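Let's take a walk through this protein together. Have the sequence and the 3D view ready, and we'll go from the overall picture down to single residues.

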Amino acid sequence: MEHRPDRLLVELAAQGDGESFTELCRRYYGPMVAIGHAILGDRHLAEDAAQEAFAKAAVHLPRLRQSDQFGRWVAAICRNEARDLARTRRQPQTVDETATENAASSGGDETGEAVKAALSQLSPEAREVVFLRFYDGLSYEQISAVLGISEQAVNGRLRRAKKRLAEDLRRQGFGEVAV
């Protein structure tokens, strides 16, 4: 399928075109897992939250008034699903080992634990942009579309998050950390 804008895919999917909805799911699955992971701290639960979000989105798609806002809308659904899962499973909102594998692949267990602890100290909004940017590899433009904020806001959140991470790691004895 050639690259079609979200707006068109949403309109077609709302009319019953399954392939269009499948394409929307393909586009946004990774970012939704990253959002869920930032909240739940567990990749497997994050995948559950993303799948539930898409299931709800499929049912309620005709209610979406702004068809060009699909990413932002499904992200809000996913956030709610992840929070519900966190409450029902009584999971602490921390970051698990799969999140730190990329960040500390060569640094050993001590570094991984330090990164995990520092990430868990970030606000949920900051964790979201960190996960979307560094774990899911989204561009500022893509993050902006998913979260419904400007690229400047994405940049600001990332700068503040990296500064906070560096400060937390420095306090844990890791010396100067480049941000």
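What follows starts with the whole fold and then moves to some of its parts.

First, keep in mind that this is a predicted model. The protein has nine helices and zero strands, so if you read along the sequence, the pattern is simply α-α-α-α-α-α-α-α-α. There are 179 residues in the protein, and 44% of them are buried. Now take the contacts between residues at least 6 apart in sequence: 59% of these join residues at least 24 apart.

Next, the inside. In soluble globular proteins, nonpolar side chains tend to be buried together. Here, the largest nonpolar core has 51 residues, and the members that touch the most others are F21, M32 and F70. Who contributes to this core? At least two residues come from each of helix 1 (6-14), helix 2 (18-40), helix 3 (43-60), helix 4 (70-89), helix 6 (108-120), helix 7 (124-135), helix 8 (140-147) and helix 9 (151-174). Helix 2 gives the largest share, with 11 residues.

Let's zoom in on F21. Leaving aside residues up to four places away in sequence, F21 touches A13, F54, A57, A58, L61 and F70. One of these partners, F70, is also on the list of core members that touch the most others.

Now find R27, which sits in helix 2. What does the side chain of R27 make a polar contact with? The partner is the side chain of D6, at 2.6 Å. Setting aside residues up to four places away in sequence, R27 touches H3, R4, P5, D6 and L9.

Helix 3 is a good place to slow down. It has 18 residues and reaches 25 Å from its first C-alpha to its last, close to the 26 Å expected at 1.5 Å a residue. At its N-terminal end you'll find D42 acting as a cap: a side-chain oxygen of D42 lies 2.9 Å from the backbone nitrogen of H44. Which residues of helix 3 are buried? They are L45, A46, A49, A50, A53, F54 and A57, and these buried residues pack against helix 2 and helix 4. You have already met F54 and A57, as both are touched by F21.

From helix 4, the view back to helix 3 runs through E81. This residue lies in helix 4, and it counts as buried because its relative accessibility is 10%, under the 20% cut-off. Not counting residues up to four places away in sequence, E81 touches A49, E52, A53 and K56. Of these, A49 and A53 are among the buried residues of helix 3. E52 is found in helix 3 too, but with a relative accessible area of 42% E52 is partly exposed. E52 also gives you a handy distance to check: its C-alpha atom and that of C78 are separated by 7.5 Å, although the two residues are 26 apart along the chain.

Finally, turn to helix 7 and helix 9. They pack at an angle of about 100°, with their axes 9 Å apart. The two helices are therefore roughly perpendicular to each other. Where do they meet? On the helix 7 side, look for E125, A126, V129, V130, R133 and F134; on the helix 9 side, look for R157, L158, A161 and K162.

Technical notes
Residues numbered from 1 in each chain as written. Predicted model: local features only at pLDDT ≥ 70, side-chain atom pairs only at ≥ 80, totals over all residues. Heavy atoms only, no water. Core = buried A, V, L, I, M, F, W, Y, C linked by side-chain atoms within 4.5 Å. Buried < 20%, exposed > 50% of the residue type's maximum accessible area, 1.4 Å probe, protein only. Helix = DSSP H or I, 4+ residues; strand = E, 2+ residues; numbered from the N terminus. Contact = heavy atoms within 4.5 Å. Polar contact = N/O pair within 3.5 Å; in protein donor to acceptor, adjacent residues only side chain to side chain. Expected span 1.5 Å × (residues − 1). Axes fitted to C-alpha atoms, helices over the stretch in contact; angles between N-to-C directions. Parallel < 35°, antiparallel > 145°, perpendicular 65-115°, else oblique.
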